Amino acid sequence: MSDRSLRGMRLGAQSMETESGVEPAPRQRVEYRCADGEQVFVTFSSEAEIPPVWVSKTGKEALLVNGERPDTSNEKAVRTHWDMLLERRSLPELEQILEDRLTILRERRGERRTA
C-alpha cells in the first residue's frame, strides 16, 4: 500500500520558483552616530533619499556620519496653551477673571467668602 501512496507538498510553504537569474536591487549601507557615540547602520536603496537624522532603536536621535547637519534655524517654537492665553489677556485680567469665577463657584456651593 505504501508503494501507491501519493506524495504532496505543503501548500504555501515552498515556492516553485528558483532564484536563478534574479538580482537583488542595489543597496547602500549608511552609518548614523548618536551624541553618546552609539553607531546605527541602516540599509537603503541606492535610489533612496538619505535622511540627515535617524531615530535609533533606543530612541536616541542619530546624525548622518559625513553628512550635512539638519537646518533647525527656521523651526517655530512650540506654543503652549498658556502662551496663547497670554497673547489674548494680561495677568491682571486673568487674575480678575479667576476671582470672578471662584466667587460664582463659592455662591453655588453656598459658601461665603470671609476676607
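Patches, as the term is used in these legends, are made of residues with over 30% relative accessible area and no salt bridge, with like charges joined within 9 Å and nonpolar side chains (Val, Leu, Ile, Met, Phe, Trp, Tyr) joined within 5 Å. The model is predicted, and local features need pLDDT of at least 70, side-chain atom pairs count only at pLDDT 80 or more, and totals for chains, interfaces and linings use all residues. Residues are numbered from 1 along each chain as its sequence is written, and side-chain values use heavy atoms, with hydrogens and water left out.

**View 1. A nonpolar surface patch that includes a tryptophan of helix 1**. Trp82, Leu86 and Leu91 make a nonpolar surface patch of about 300 Å², where accessible areas come from the Shrake-Rupley method with a 1.4 Å probe and, for residues, only the protein chains shown count as cover. Trp82 lies in helix 1 (residues 81-88), helices being DSSP runs of H or I with at least four residues and strands runs of E with at least two, numbered from the N terminus. Trp82 counts as partly exposed because its relative accessibility is 45%; buried means under 20% relative accessible area, exposed over 50%, and partly exposed in between (1.4 Å probe, protein chains only).

**View 2. The hairpin of strand 1 and strand 2**. Strand 1 (residues 27-34) and strand 2 (residues 39-45) run antiparallel and are joined by 7 bridges, two strands being paired if DSSP finds at least two bridges between them. The hairpin has 4 residues between its strands, and Gly37 in the turn has a positive phi of about 100 degrees. Arg27 stands opposite Ser45 in strand 2, while Gln28 has Phe44 as its bridge partner in that strand. Strand 1 is also joined to strand 4 (residues 61-64) by 3 bridges, again in an antiparallel arrangement, and here Cys34 has Ala62 as its bridge partner.

**View 3. Aromatic rings of Phe44 and Trp54**. Rings of Phe, Tyr and Trp (its six-membered ring) pair if their centres lie within 6.5 Å, with planes under 30 degrees apart counted as stacked, over 60 as edge-to-face and the rest as tilted; by this rule there are 2 aromatic pairs. The ring centres of Phe44 and Trp54 are 5.5 Å apart and their planes stand at 90 degrees, so this pair is edge-to-face. The pair links distant parts of the chain, with Phe44 in strand 2 and Trp54 in strand 3 (residues 53-55), 10 residues apart. Phe44 counts as buried, at 13% relative accessibility, whereas Trp54 counts as partly exposed at 31%. Tyr32, Phe44 and Trp54 form one aromatic cluster.

**View 4. Salt bridges of Lys60 and of Glu31**. A salt bridge is a side-chain nitrogen of Lys or Arg within 4 Å of a carboxyl oxygen of Asp or Glu, and the whole structure holds 4 of them. Lys60 forms a salt bridge with Glu38, with the closest N and O atoms 2.9 Å apart. This pair links distant parts of the chain, Lys60 being in the loop between strand 3 and strand 4 and Glu38 in the loop between strand 1 and strand 2, 22 residues apart. Asp36, Glu38 and Lys60 are linked in a network of salt bridges. Another salt bridge joins the side chains of Glu31 and Arg33 (2.5 Å, N to O); Glu31 is partly exposed, with a relative accessible area of 22%, and Arg33 is partly exposed at 35%.
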